[in-house]
Amino acid sequence: MTAARMGVPLIAGLALFVFAAQAQQANLTFFVTSVGTGKGADLGGLAGADQHCQQLATSVGAGAKTWHAYLSTQGNGAVNARDRIGKGPWVNAKGVTIAKDIADLHGANNMTKQTVLTEKGGINNGRGDTPNRHDILTGSQPDGTAFAGGEDRTCKNYTSSTQGAVMLGHADRQGLGDDDASKSWNSSHPSRGPDGGCSQADLRSTGGDGLFYCFAIN
């Protein structure tokens, strides 16, 4: 067999692999952002966060869906993260279901370090990795609802990198202890740091990078 003929099956195989990968990503309905906006917890509000989700989804061929960030807000007109992400089910870039509906997502879901993947299908660094990036912005309580007024848990509703703090979840479900908070994907601890808790440096100092979860709502 000639080299040219031997190359035909290889090319066909690669084409099939690429097609399968594209088809899988087209079915993508959940991911953790591979990168943040670069401004800490200042995401440009919910609209800016949603736009970031949409752009990342579009970059991997899943932009035909409408994407929302899993984020709650506080104050007048407070928004619950659980109310803005659709009904499910939600599937990662490898085709694995992480939750079938809202109740499952906030209960016995399938979210682990191996399933909470980026839009590209990569595993996000967790506890024990360098750098650790498991702190994910949510601004939410464990049931996906907003915090009452009082202490800021959203960095001024994701418009500040200098004031307040933001509630974080652990994408890898691991923390310093074996308690529920340490293992919570959406409500582990508020941010903190030399500048208060909302800057990129603050988020990185405790094991984050300004990342957040994105869900397809349709």
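How much space lies in the largest pocket? About 200 Å³, and Exercise 1 takes that pocket apart.

Some ground rules before we start. This is a predicted model, where local features need pLDDT of at least 70, side-chain atom pairs count only at pLDDT 80 or more, and totals for chains, interfaces and linings use all residues. Residues are numbered from 1 along each chain as its sequence is written, and side-chain values use heavy atoms, with hydrogens and water left out.

**Exercise 1. The pocket**

Task: list the residues that line the largest pocket and sort them by type.

Solution.
Step 1: get the terms straight. A pocket is an open set of points on a 1 Å grid over the protein atoms alone, with protein on both sides within 12 Å along at least five of seven lines, and the points are places where a 1.4 Å probe fits. Lining residues have an atom within 4 Å of a point. For the volume, grid points are joined across faces, edges and corners, and the space filled by probe spheres set on the points is taken.
Step 2: read off the lining. You should find Arg127, Asn132, His134, Asp135, His170, Gly175, Leu176, Ser182, Ser188, His189, Arg192 and Thr206.
Step 3: sort them. The lining has one nonpolar residue, eight polar and three charged. Here Ala, Val, Leu, Ile, Met, Phe, Trp, Tyr, Cys and Pro count as nonpolar, Asp, Glu, Lys and Arg as charged, and the others, Gly among them, as polar.

**Exercise 2. The fold in outline**

Task: write down the order of the helices and strands, then say how the chain packs.

Solution.
Step 1: count the elements. There are five helices and eight strands, taken as DSSP runs numbered from the N terminus (helices: H or I, at least four residues; strands: E, at least two).
Step 2: walk from the N terminus, and the order comes out as α-β-α-β-β-β-α-β-α-β-β-α-β.
Step 3: check burial. Of the 218 residues, 50% count as buried (buried is under 20% relative accessible area, exposed over 50%, partly exposed in between; 1.4 Å probe, protein chains only).
Step 4: look at contacts, meaning heavy atoms within 4.5 Å. Among those with a separation of 6 or more, 65% come from residues 24 or more positions apart.

**Exercise 3. Two disulfides**

Task: find the disulfides and work out which parts of the chain they tie together.

Solution.
Step 1: search for cysteine sulfur atoms within 2.5 Å. The whole structure gives two disulfides.
Step 2: take Cys53 and Cys214, with sulfur atoms 2.0 Å apart. The link is left-handed, at -80° about the S-S bond. Cys53 lies in helix α2 (residues 45-59) and Cys214 in strand β8 (residues 208-216), so this pair ties together parts that are 161 residues apart in sequence. Cys53 is buried at 0% relative accessibility, and Cys214 is buried with a relative accessible area of 0%.
Step 3: move to Cys155 and Cys198, joined with an S to S distance of 1.9 Å. This link is left-handed as well, with -95° about the S-S bond. Cys155 sits in helix α4 and Cys198 in the loop between β7 (189-190) and α5 (200-205), so the parts tied together are 43 residues apart in sequence. Both Cys155 and Cys198 are buried.
Step 4: number the bonded cysteines along the chain, and the pattern reads 1-4, 2-3.

**Exercise 4. Backbone oddities**

Task: locate the cis peptide bonds and the positive phi values in helix α4.

Solution.
Step 1: the bond from Gly88 to Pro89 is cis, with omega near 0°. Pro89 is in the loop between β2 (67-69) and β3 (90-91).
Step 2: Thr130 and Pro131 are also joined by a cis peptide bond, omega about -5°. Pro131 falls in the loop between α3 (102-105) and β5 (135-137).
Step 3: in helix α4 (residues 155-158) you meet Cys155, a non-glycine residue with phi near 50°. Lys156, also in helix α4, has a phi of about 55°. Cys155 is buried at 0% relative accessibility, whereas Lys156 is partly exposed at 43%.

**Exercise 5. The chain end**

Task: find what Ile217 touches.

Solution.
Step 1: place Ile217 in the segment after β8, partly exposed with a relative accessible area of 33%.
Step 2: leave out residues up to four places away in sequence, and Ile217 touches Thr66, His68, Arg84, Ile85 and Gly86.
Step 3: compare sequence and space. Ile217 and Lys87 are 130 residues apart in sequence and 7.0 Å apart C-alpha to C-alpha.
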